[in-house]
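Trainee: Please take me through the strands at the end of this chain, slowly and in plain words. After that, go on to the parts of the chain that come before them.

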Amino acid sequence: ADTHIISGNGSNSTGYIRATATIGGAFVVGHTDSRDVASTAFGRLQVHTGNSMVNTAIASYGNNAGGCILALGHSRHATTGSVGVAVQQNDYLGEIRFAGDDGTDMENTACQICGVVDGSVSSNSIPGRLEFWTGAKRLSITSGGHVRANQNGLKYSTDSSGWHQQI
């Protein structure tokens, strides 16, 4: 594997940028090695810092109504970069995970937001639902616009007439 490390010691910067060219290679900023965070199996893009927070900025400039987009996607095609094999009901399309140091590591997820396929997929149409997890799935918004909540073992959902408790 080819590894390239760029380190800065100037008055305005200290840190590392590390790129490893392997099948499981990672682009790491601010550290000399990749780390597992929130069970991401060593994410391919990692930013580490000793500061109180890490800011990732994505900015768009232009005299228009457009804004920034963070796009997460998934295909069932087995070849990287290829498409044409449709996702299926209940496939996870993307997740945002939140983790903290538990005194051992940062591999455990405290909470997460997931995008999931919520129905039959056809050409240019993928129904989706959002799931909100805090240890377990607590809230979901379905492709039909219904909200489902789970609190203290009781399940609630909405329909056209409002909130209802499910048994």
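Mentor: Strand 9 and strand 10, the latter covering residues 154-159, pair in the antiparallel sense, and four bridges hold the pairing. One point to find on screen is N150, whose bridge partner in strand 10 is K155. Keep in mind throughout that this is a predicted model.

Strand 9 also pairs with strand 8. Strand 8 takes in residues 137-141 and strand 9 residues 147-151; the two run antiparallel, joined by three bridges. Here S140 is a residue to look for, with R148 in strand 9 as its bridge partner. Strand 8 and strand 9 form a hairpin, with five residues between them. In that turn, G145 has a positive phi of about 85°. As background, side chains in a regular strand alternate between the two faces of the sheet.

Now step back along the chain to A136, which lies in the loop between strand 7 (128-133) and strand 8. A136 counts as partly exposed because its relative accessibility is 29%, and partly exposed is the class between 20% and 50%. A136 and A110 are 26 residues apart along the chain, and their C-alpha atoms are separated by 9.6 Å.

Strand 7 itself brings in charged side chains. R129 forms a salt bridge with D118, and the closest N and O atoms are 3.0 Å apart. This pair links distant parts of the chain: R129 sits in strand 7, while D118 sits eleven residues away in the loop between strand 6 (109-117) and strand 7. Are these two residues buried or exposed? R129 is buried because its relative accessible area is 13%, and D118 counts as buried because its relative accessibility is 17%; the cut-off for buried is under 20%. The bridge is also part of a network, in which salt bridges that share partners join D118, R129, E131 and K137.

How many salt bridges does a search of the whole structure find? It finds five. One of them is between R76 and D91, with the closest N and O atoms 2.7 Å apart. R76 and D91 both lie in the loop between strand 4 and strand 5, 15 residues apart. R76 is partly exposed, with a relative accessible area of 39%, whereas D91 counts as buried at 10% relative accessibility. Another salt bridge joins the side chains of R97 and E95, at 2.8 Å from N to O. R97 is partly exposed at 32%, and E95 counts as partly exposed at 30%.

The surface has a nonpolar side too. I58, L70, L72, I96 and F98 form a nonpolar patch there, with about 510 Å² of accessible area together. L72 lies in the loop between strand 4 (45-47) and strand 5 (92-99), and L72 is partly exposed at 49% relative accessible area.

Two cysteines are worth a glance. C111 counts as partly exposed at 27% relative accessibility, while C114 counts as buried at 1%. The structure holds zero disulfides.

Last comes confidence. The mean pLDDT of the protein chain is 77, and 61% of its residues reach 70 or more. Confidence is highest in strand 7, at 96, and lowest in strand 1 (residues 2-8), at a mean of 56. Where pLDDT is low, the predicted coordinates should not be read in detail.

How values were computed
Residues are numbered from 1 along each chain as its sequence is written. This is a predicted model: local features need pLDDT of at least 70, side-chain atom pairs count only at pLDDT 80 or more; totals for chains, interfaces and linings use all residues. Side-chain values use heavy atoms; hydrogens and water are left out. Two strands pair if DSSP finds at least two bridges between them. Buried means under 20% relative accessible area, exposed over 50%, partly exposed in between (1.4 Å probe, protein chains only). Patches are made of residues with over 30% relative accessible area and no salt bridge: like charges are joined within 9 Å, nonpolar side chains (Val, Leu, Ile, Met, Phe, Trp, Tyr) within 5 Å. Accessible areas come from the Shrake-Rupley method with a 1.4 Å probe; for residues, only the protein chains shown count as cover. A salt bridge is a side-chain nitrogen of Lys or Arg within 4 Å of a carboxyl oxygen of Asp or Glu. pLDDT is the predictor's confidence in each residue, from 0 to 100. A disulfide is a pair of cysteine sulfur atoms within 2.5 Å.
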